Amino acid sequence: MATIGRIVSLGILCCLLAQIPCSAQNQTTKDEGFVELFNGKNLDGWIGNKQSYRVENGYIVVDPSGGGSGGNLLTEGEYGNFVFRFEFQLTPGANNGLGIHAPLEGDVAYLGKELQILDNTADKYANLQPYQYHGSVYGVIPAKQGFLKPVGEWNVQEVTVNGPKIKVVLNGTIIVDTDLQEATKNGTLDKKDHPGLKKDIGHIGFLGHGDVVRFRNIKIKELPSKK
């Protein structure tokens, strides 16, 4: 009986050990090709308003009391086609944005592209336009609603840009999946000029609008150019 017990124990141990490489392999596969853009310690590799943006407890926090309304914090490097992953935590009524193909100066929502980062549940946002809800390409493409976690919880978002195509996945649900050229062939939803829609490279970053928001686990995988 003791021998049988040892055999069973060894079998269970072998099964458990066999699972370890698999888990590690799955994690490696999941993150394969991704590069960390934030080291969790400082803002090396980032440019912009480092008075309002700071590192705290391993995440980037934008705090308007640090100076100005928050302003922009952008990557030093420029990116064309990519998959960008990050996590964010909203505070009540918070408004921010994710800039892509962004210039260093000017309004990224028009001279680049801005994806909304927004607490849709706040009373002050009760009368938003469809293209202003979280995840929307501001002024251009409305996102599906209802997939943000409650304010104060961490959300996971992935943005894929590949030529004119853009896909936004929020907490595992696709909320935007479109071709910008096709979607704007008859003009933009806000009826304004968006020259940034023609840009195919630029900086990536966060666009503060006067509210506290936190970010962590920021990484990118560059994709081949379509040219």
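## The helix 3 salt bridge

At 47% relative accessibility, E182 counts as partly exposed (between the cut-offs of under 20% for buried and over 50% for exposed, using a 1.4 Å probe on protein chains only). Its partner K185 is exposed, at 57%. The two side chains meet in a salt bridge (a Lys or Arg side-chain nitrogen within 4 Å of an Asp or Glu carboxyl oxygen), with N and O 2.7 Å apart.

A word on the setup: this is a predicted model, where local features need pLDDT of at least 70 and side-chain atom pairs pLDDT 80 or more, while totals for chains, interfaces and linings use all residues. Residues are numbered from 1 along each chain as its sequence is written, and side-chain values use heavy atoms, leaving out hydrogens and water.

## Overall picture

The protein has 227 residues, and 45% of them count as buried. You'll find three helices and 13 strands (DSSP runs of H or I with at least four residues, or of E with at least two, numbered from the N terminus). Contacts (heavy atoms within 4.5 Å) are mostly long-range: among those with a separation of 6 or more, 66% join residues 24 or more positions apart.

## More salt bridges

There are six salt bridges in the structure. One of them pairs R216 with E87, whose closest N and O atoms are 2.7 Å apart. That pair ties together distant parts of the chain, with R216 in strand 13 and E87 in strand 6 (residues 82-90), 129 residues apart. The two ends sit in unlike surroundings: R216 is partly exposed at 27%, whereas E87 is buried at 15%.

Another bridge joins E56 to R54, at 3.0 Å from N to O. Here both ends are partly exposed, E56 with a relative accessible area of 24% and R54 with 32%. The pair also belongs to a network of salt bridges that links R54, E56 and D63.

## R214, a buried charge

R214 sits in strand 13, which spans residues 213-222. Though buried, R214 has no salt bridge. The nearest side chain of opposite charge (Lys and Arg count as positive, Asp and Glu as negative; His and the chain ends are not counted) is E56, 4.4 Å away.

Leaving aside residues up to four places away in sequence, R214 touches E56, Y59, I60, V61, E87, F88, Q89, T91 and W154. So two salt-bridge residues turn up in that list: E56, the partner of R54, and E87, the partner of R216.

## L170 in strand 10

L170 belongs to strand 10 and is buried, at 2% relative accessibility. Beyond four places in sequence, the contacts of L170 are F88, H134, F147, L148, N155, V156, Q157 and I175. V159 lies eleven residues from L170 in sequence, with 8.8 Å between the two C-alpha atoms.

## The largest pocket

The largest pocket (an open set of points on a 1 Å grid where a 1.4 Å probe fits, with protein on both sides within 12 Å along at least five of seven lines) has a volume of about 590 Å³. It is lined by 31 residues (having an atom within 4 Å of a point), and Q181, L197, K198, K199 and D200 are the closest to its centre. Strand 7 (95-102), strand 10 (165-170) and helix 3 (180-183) each give two or more residues to the lining.

As for chemistry, the lining divides into eleven nonpolar, nine polar and eleven charged residues.

Definitions and conventions: Grid points are joined across faces, edges and corners, and a volume is the space filled by probe spheres set on the points. Ala, Val, Leu, Ile, Met, Phe, Trp, Tyr, Cys and Pro count as nonpolar, Asp, Glu, Lys and Arg as charged, and the others, Gly among them, as polar.
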